[in-house]
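Here is a short report on one protein model and its ligand. Keep the structure open as you read.

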Amino acid sequence: MIILLTGAAGFIGFHAAKRLLSEGHQVIGLDNLNDYYDVKLKQARLAELKKHKSFEFHKVDISNHEALDAAVKDRGITHILHLAAQAGVRYSLENPRAYVQANVMGHLNILEFARHSETVEHIAYASSSSVYGDREDGPFCETDKVRSPASLYAATKLGGEMLAESYQRLYNIPQTGLRFFTVYGPWGRPDMAYFIFTDKILKGEPITLFAPDEMRRDFTYVDDIVEVLPKILASPPTSGHAIYNLGNSKPNTLMQLVDAVEAACGQEADKIILGKQKGDVSNTFADVTAAERDFGFSPNTDLGDGVKRFVEWYRAQSRA
Ligand SMILES: NC(=O)c1ccc[n+]([C@@H]2O[C@H](COP(=O)([O-])OP(=O)(O)OC[C@H]3O[C@@H](n4cnc5c(N)ncnc54)[C@H](O)[C@@H]3O)[C@@H](O)[C@H]2O)c1
């Protein structure tokens with residue numbers, strides 16, 4: 001496959017690229033290297049990827065369709081893994097326009113690129129568990145109604161699914177939407193709870209927890225996800241557009257995450273406990289029957305093991 005990978009300098013993009021390259025595919029990576037979090041981390045990920053001769057990188061903002069076309073037109077791209085997005089629920093309260101720009105306009109430009117390409121066979125794109133809204137029940141199934149996004153981030157991700165559906169119907173472009181559930185691991189995102197807790201605990205600073213016994217997340221280790229991405233990309237859905245949950249299917253409370261980070265750091269945290277934050281959902285819980293059936297998806301990394309691997313990476317990169 002000749003794969004256009006958007007968000008290649010991002011957390012999941014980096015791991016996905018490594019996996020695809022290890023299987024012998026060619027990866028053309030794009031990213032705008034925005035400063036939502038430390039750009040040095042994005043550059044360090046790219047430096048790792050550039051060691052591979054089948055990887056190339058272009059700094060491009062996908063919300064600029066001319067720049068996108070100039071970088072990748074006529075390159076014989078057969079598959080697109082579209083992961084670039086403005087991520088994060090809380091930041092969407094501060095900077096709503098960044099979400100519409102990247103997640104709606106950027107997504108549309110990827111679809112337009114594919115529509116005018118003669119070589120693209122399949123697009124797999126990142127959606128999110130946040131499309132399920134604020135629910136107490138679970139597990140969440142792909143066939144559940146999703147009409148109540150609790151944040152603008154979730155609304156733009158749901159919008160992305162709708163754009164994909166319309167382009168499939170209008171132009172017959174095979175697509176697969178991937179609803180990721182709280183993905184974590186080495187090289188992870190500094191805005192996410194496990195990263196912030198590790199950083200603060202190791203520095204001896206207090207951590208702030210929002211409704212830690214009430215909040216449950218289906219924490220999913222990144223390797224469990226990227227393992228199935230090549231297979232998903234290589235399998236355009238017969239229905240034209242399919243959506244899959246990719247989650248661990250074993251939710252833990254936020255307090256259990258803190259316990260895992262404390263154990264991995266060998267230090268107890270000084271905790272400041274506050275109530276639930278605006279836009280946050282209480283619970284995420286994936287039903288992964290469909291991904292298991294179609295791709296053999298079988299997440300098997302326990303939260304304690306995954307967090308331990310993250311903390312080992314964190315300590316190693318802090319020393320470097
Ligand atoms: N990590 C998770 O827990 C999680 C959960 C659900 C969904 N997702 C989705 O998975 C995808 C990857 O997430 P991630 O955790 O790797 O986030 P990330 O922020 O690490 O990666 C996203 C990358 O996209 C790039 N980007 C943003 N806007 C861009 C633009 N306009 N043009 C080009 N590049 C742009 C960023 O610079 C970043 O490197 C995103 O679509 C995200 O919404 C992630």
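This model is predicted. Start at G266, just after helix α10, where the residue takes a positive phi of about 70°.

**Helix α10**

Now step back into the helix itself. α10 covers residues 254-265, which is 12 residues. From its first C-alpha to its last it reaches 16 Å, close to the 16 Å expected at 1.5 Å a residue. Which residues of α10 are buried? They are L254, L257, V258, A260, V261 and A264. Viewed down the axis of α10, these buried residues fall within an arc of 160°, so they line one face of the helix. The general rule helps here. An α-helix has 3.6 residues a turn, so residues three or four places apart point the same way.

What covers that buried set? The table names four of the elements that do so.

| Element covering the buried residues of α10 | Residues |
|---|---|
| α7 | 193-203 |
| β8 | 207-210 |
| β12 | 252-253 |
| α12 | 303-319 |

**The nonpolar core**

Two residues of α10, L257 and V261, are also among those with the most contacts inside the largest nonpolar core. This core has 92 residues. L5, A16, A17, L81 and I225 share that place on the list. Helix α6, residues 152-171, gives the core its largest share, seven residues. In soluble globular proteins, nonpolar side chains tend to be buried together.

Look closer at L5. Leaving out residues up to four places away in sequence, L5 touches G13, A16, A17, V27, I28, G29, L81 and L83.

**V120, a loop residue**

V120 sits in the loop between α5 and β5. Is V120 buried or exposed? A residue counts as buried if 20 or more other C-beta atoms lie within 10 Å of its own. V120 has 20 such atoms within 10 Å, so it is buried. Its contacts include I77, T78, I80 and A114, with residues up to four places away in sequence not counted. V120 and I173 are 53 residues apart in sequence, yet 8.3 Å apart in space, C-alpha to C-alpha.

**Around the ligand**

The ligand has 28 residues around it. G7, G10, A85, A126 and F180 come nearest. By class, this shell holds 14 nonpolar, 10 polar and four charged residues. At least two shell residues come from each of α1 (11-22), β2 (26-31), α5 (96-116) and β5 (122-128). Which element gives the most? It is α1, with three residues.

Note on methods
Residues numbered from 1 in each chain as written. Predicted model: local features only at pLDDT ≥ 70, side-chain atom pairs only at ≥ 80, totals over all residues. Near = placed C-beta within 6 Å. Helix = DSSP H or I, 4+ residues; strand = E, 2+ residues; numbered from the N terminus. Nonpolar A, V, L, I, M, F, W, Y, C, P; charged D, E, K, R; others polar. Expected span 1.5 Å × (residues − 1). Buried ≥ 20, exposed ≤ 12 C-beta atoms within 10 Å, placed from the backbone. Arc of directions from axis to C-beta. Contact = placed C-beta atoms within 7 Å. Core = buried A, V, L, I, M, F, W, Y, C linked by C-beta atoms within 7 Å.
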